[in-house]
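Welcome, and please open the structure in your viewer. We will go from one selection to the next, looking at what is there each time.

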Amino acid sequence: MIKRILLSLVMLLVLAYLVIAITAFNVKPADLVCQDIDLVIKDSVNAGFITKKEVTTILTNKQVYPVGKKVDDIDLKVLEEILGTHPLIDQVECYKPPGGKLYVEVTQRVPILRVMCRNGENYFVDNKGTIMPPEARCIAH
């Protein structure tokens with residue numbers, strides 16, 4: 001009988017601890033400010049078209065650079081749309097884990113064919129068949 005009461009008491013304490021821990025750890029500070037961007041440019045070894053500096057410049061020029069802004073005020077969809085319009089960027093994924101840091105993953109377009117016409121027109125075609133601008137330089141090693 002005493003063992004049953006003691007076991008019930010321990011189970012009740014464990015349950016109370018779990019409820020308190022879940023509610024305490026899921027609360028985000030309302031004034032959490034974005035402190036940094038962790039920017040990953042995929043395929044940067046094979047296709048060095050876009051740089052971290054360019055991404056920062058794009059976001060700054062569009063006045064959506066997130067560092068220094070409240071994390072809750074950062075619209076990830078807007079960041080993805082702005083970066084996704086760049087002619088050398090294929091895909092963008094942004095997410096904000098807890099801690100005040102923003103993660104941005106950029107996938108570059110991969111040129112597979114360069115077209116040089118007699119009239120001076122010059123462009124690349126990527127692996128999806130889309131025309132890329134002539135400023136896409138092929139970096140061969």
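A residue is called buried when its relative accessible area is under 20%, exposed when it is over 50%, and partly exposed in between. Keep in mind along the way that this is a predicted model.

**The whole chain**

Start with a cartoon view of everything. The protein has three helices and six strands, and along the sequence they come in the order α-β-α-α-β-β-β-β-β. Of its 141 residues, 29% count as buried. Now switch on the surface: the accessible area is about 10,200 Å², and carbon and sulfur atoms account for 60% of that. As for contacts between residues at least 6 apart in sequence, 48% join residues at least 24 apart.

**Helix α1 and its patch**

Next, select Leu-6, Leu-9, Val-10, Leu-12, Leu-13, Val-14, Tyr-17, Leu-18 and Ile-22. Together these residues form a nonpolar patch on the surface, with about 900 Å² of accessible area. Pick out Val-10, which sits in helix α1, residues 2-25. Is Val-10 buried or partly exposed? Its relative accessible area is 41%, so Val-10 is partly exposed.

**Three salt bridges**

How many salt bridges does the structure hold? There are three, and we can visit each in turn.

For the first stop, show the side chains of Glu-105 and Lys-42. They form a salt bridge in which the closest N and O atoms are 3.4 Å apart. This pair links distant parts of the chain, 63 residues apart: Glu-105 belongs to strand β3 (residues 101-108) and Lys-42 to strand β1 (residues 36-42). Lys-42 has a relative accessible area of 37%, so this residue is partly exposed.

Move on to Asp-90 and Lys-128, whose side chains meet in a salt bridge at 2.9 Å, N to O. Here too distant parts of the chain are linked, with the two positions 38 residues apart: Asp-90 is in strand β2 (residues 89-95), while Lys-128 is in the loop between β5 (122-126) and β6 (131-132). Asp-90 is partly exposed, because its relative accessible area is 28%. Lys-128 counts as exposed, because its relative accessibility is 52%.

The third stop is Arg-109 with Asp-126, another salt bridge between side chains, at 2.9 Å from N to O. Arg-109 lies in the loop between β3 and β4 (111-116), and Asp-126 lies in strand β5, 17 residues away along the chain. Are these two residues buried or exposed? Both Arg-109 and Asp-126 are buried.

**A longer look at Asp-126**

Stay on Asp-126 and center the view there. With a relative accessible area of 3%, Asp-126 falls under the 20% cut-off and is therefore buried. Which residues does Asp-126 touch, leaving out those up to four places away in sequence? They are Arg-109, Val-110, Pro-111, Ile-112 and Met-132. With Arg-109, the side chain of Asp-126 makes a polar contact, side chain to side chain, at 2.9 Å.

Now bring Lys-128 back into view. Its backbone nitrogen lies 2.9 Å from a polar atom of the Asp-126 side chain. As you saw earlier, the side chain of Lys-128 meets that of Asp-90 in a salt bridge.

For a last selection, add Gln-108 and draw a line between its C-alpha atom and that of Asp-126. The two residues are 18 apart in sequence, and their C-alpha atoms are 10.0 Å apart in space.

Definitions and conventions. Residues are numbered from 1 along each chain as its sequence is written. This is a predicted model: local features need pLDDT of at least 70, side-chain atom pairs count only at pLDDT 80 or more; totals for chains, interfaces and linings use all residues. Side-chain values use heavy atoms; hydrogens and water are left out. Patches are made of residues with over 30% relative accessible area and no salt bridge: like charges are joined within 9 Å, nonpolar side chains (Val, Leu, Ile, Met, Phe, Trp, Tyr) within 5 Å. Accessible areas come from the Shrake-Rupley method with a 1.4 Å probe; for residues, only the protein chains shown count as cover. A salt bridge is a side-chain nitrogen of Lys or Arg within 4 Å of a carboxyl oxygen of Asp or Glu. Helices (H or I, at least four residues) and strands (E, at least two) are DSSP runs, numbered from the N terminus. Buried means under 20% relative accessible area, exposed over 50%, partly exposed in between (1.4 Å probe, protein chains only). Contact means heavy atoms within 4.5 Å. A polar contact is a pair of N or O atoms within 3.5 Å; within protein, one must be able to donate a hydrogen and the other to accept it, and residues adjacent in sequence count only if both atoms are side-chain atoms.
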